[in-house]
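Trainee: I am new to this structure and would like a close look at a single part of it. Could you pick one spot and walk me outward from there?

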Amino acid sequence: MVNDLFNKTGPCLSFEVSPPKTEEEFQAIFAKLDALAALHPNFISCTYGAGGSKAGKTAEIASYIQHRLQIDAIAHMTCVGFKREDLQKNCELLEKEGIRHVMALRGDRPQYMTDEQFGSREFFYASDMIRYLKANTSLEIAGACYPEKHFEAESFESDLEHLKEKVDAGASFLITQLFFSNDIFYRFLEQVKKAGISVPVCAGIMPVTSAKQIGTSITLSGSSVPKELSDIIANYGENKEDMRKAGIDYAVRQIRDLKEHGVDGIHLYTMNRPKTTAEIVAQI
């Protein structure tokens, strides 16, 4: 089980992948997974479509990771758009495929969902779904956390209270949203400890290899950008290869510092790019 991997011989190393949008890209994902597996991560997580639109793809990829690659797989699950019956069916699908771990997320509201549907959903928060999963399945559950607070949270303090609810409901370890300042992460860990949260926390790191990528990431995550990273984008953003190299170097320096501080785990958002991931792993 993933939770048994923490605090063994240093930080866990894990990757995140996503089901591709097209069938052609989906067929190519397995070669990329083979390349990522060669880097010997402790586990690989696979993301999920809003409202379960990629449930089958997530299960297929997670099954390949678990059985073909012999690496612990974590299947993401979102509670937006799920009724209890649908959630139970999806859990049964995962357990049938031998998947033992899930990451429980609230998820973003699908564009097709009406206000009435959104307001009448059975699981409002990830903690609701975690509580259900803990009571009705044998799955080990991971939760998400936000070093700079969730962008919808009223305050950092209230976000921390919700995080405590997730852990108390049954989340056995946490993976952070991406961040670009380690100081922010260290302050977050201090507050987590003060709140009585003692489960392992994996640091989510995303290499910024293009100027366009940073704009998209900020929109989706609400993460702040330190001046050093802003300067890198200003200096190298117009040159594709230089920006790629500078972005990898920034991520490597982040990870080295995190390792020196004895973090529980490093979770790389790979964006399905094994070459970039391999370059980072080779340097850490």
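Mentor: Let's start at Pro207, which sits in the loop between strand 7 (201-205) and helix 8 (211-221). Keep in mind that what you are looking at is a predicted model. Is Pro207 buried or exposed? Its relative accessible area is 4%, and buried means under 20%, so Pro207 counts as buried. Now look at what surrounds this proline. Setting aside neighbours within four places in sequence, Pro207 touches Gln213, Gly247, Ala251, Tyr269, Met271, Thr276 and Ile280. Thr277 is worth finding as well: 70 residues separate Pro207 and Thr277 in sequence, yet their C-alpha atoms are 8.7 Å apart in space.

Two of those contacts lead us to the next elements. Gly247 and Ala251 are contacts of Pro207, and helix 10 covers residues 240-260. This helix lies across strand 7 and strand 8 (265-269), and runs at about 165 degrees to strand 7. Helix 7 (residues 182-194) also lies across strand 7, together with strand 5 and strand 6, and its angle to strand 7 is about 160 degrees.

Now step back to the strands themselves. They form a closed barrel of eight, in the order 1-2-3-4-5-6-7-8, with parallel pairing. On average, neighbouring strands of this sheet are turned by 25 degrees against each other, direction ignored. As a general point, strands of a sheet pair through backbone hydrogen bonds, either parallel or antiparallel.

Strand 5 (residues 140-145) is a good one to follow within the barrel. How many of its six residues are buried? Six of the six are, and the strand is mostly covered. Glu140, Ala142 and Ala144 are buried on one side, while Ile141, Gly143 and Cys145 are buried on the other. Strand 5 pairs in the parallel sense with strand 4 (residues 101-105) over four bridges, and Ile141 is the bridge partner of Val102. Four bridges also join strand 5 to strand 6 (residues 173-176), and these two run parallel; here Cys145 is partnered with Thr176. Elsewhere in the barrel, strand 1 (residues 12-17) and strand 2 (residues 43-46) run parallel and are joined by four bridges, with Val17 partnered with Cys46.

From the strands we can move to the packing of side chains. In soluble globular proteins, nonpolar side chains tend to be buried together. The largest nonpolar core in this model has 65 residues, and those with the most contacts inside it are Leu33, Leu87, Phe185 and Leu258. Helix 1 (residues 23-37) gives the most to this core, with six residues. Apart from this core lies another, of 25 residues, including Leu105, Tyr146, Leu229 and Ile232. Leu258 makes a nice close-up: beyond its neighbours within four places in sequence, its contacts are Phe179, Asn182, Phe185, Tyr186, Ala203, Ile205, Val263 and Ile266.

Last, have a look at a pair of helices. The axes of helix 5 (residues 126-136) and helix 6 (residues 156-169) come within 8 Å and cross at roughly 5 degrees, so the two helices are roughly parallel to each other. Ala126, Ser127, Ile130, Arg131 and Lys134 make the contact from helix 5, and Glu165, Lys166 and Ala169 from helix 6. By type, the residues of this contact divide into three nonpolar, one polar and four charged.

Key. Residues numbered from 1 in each chain as written. Predicted model: local features only at pLDDT ≥ 70, side-chain atom pairs only at ≥ 80, totals over all residues. Heavy atoms only, no water. Core = buried A, V, L, I, M, F, W, Y, C linked by side-chain atoms within 4.5 Å. Buried < 20%, exposed > 50% of the residue type's maximum accessible area, 1.4 Å probe, protein only. Contact = heavy atoms within 4.5 Å. Axes fitted to C-alpha atoms, helices over the stretch in contact; angles between N-to-C directions. Parallel < 35°, antiparallel > 145°, perpendicular 65-115°, else oblique. Nonpolar A, V, L, I, M, F, W, Y, C, P; charged D, E, K, R; others polar. Pairing = 2+ DSSP bridges.
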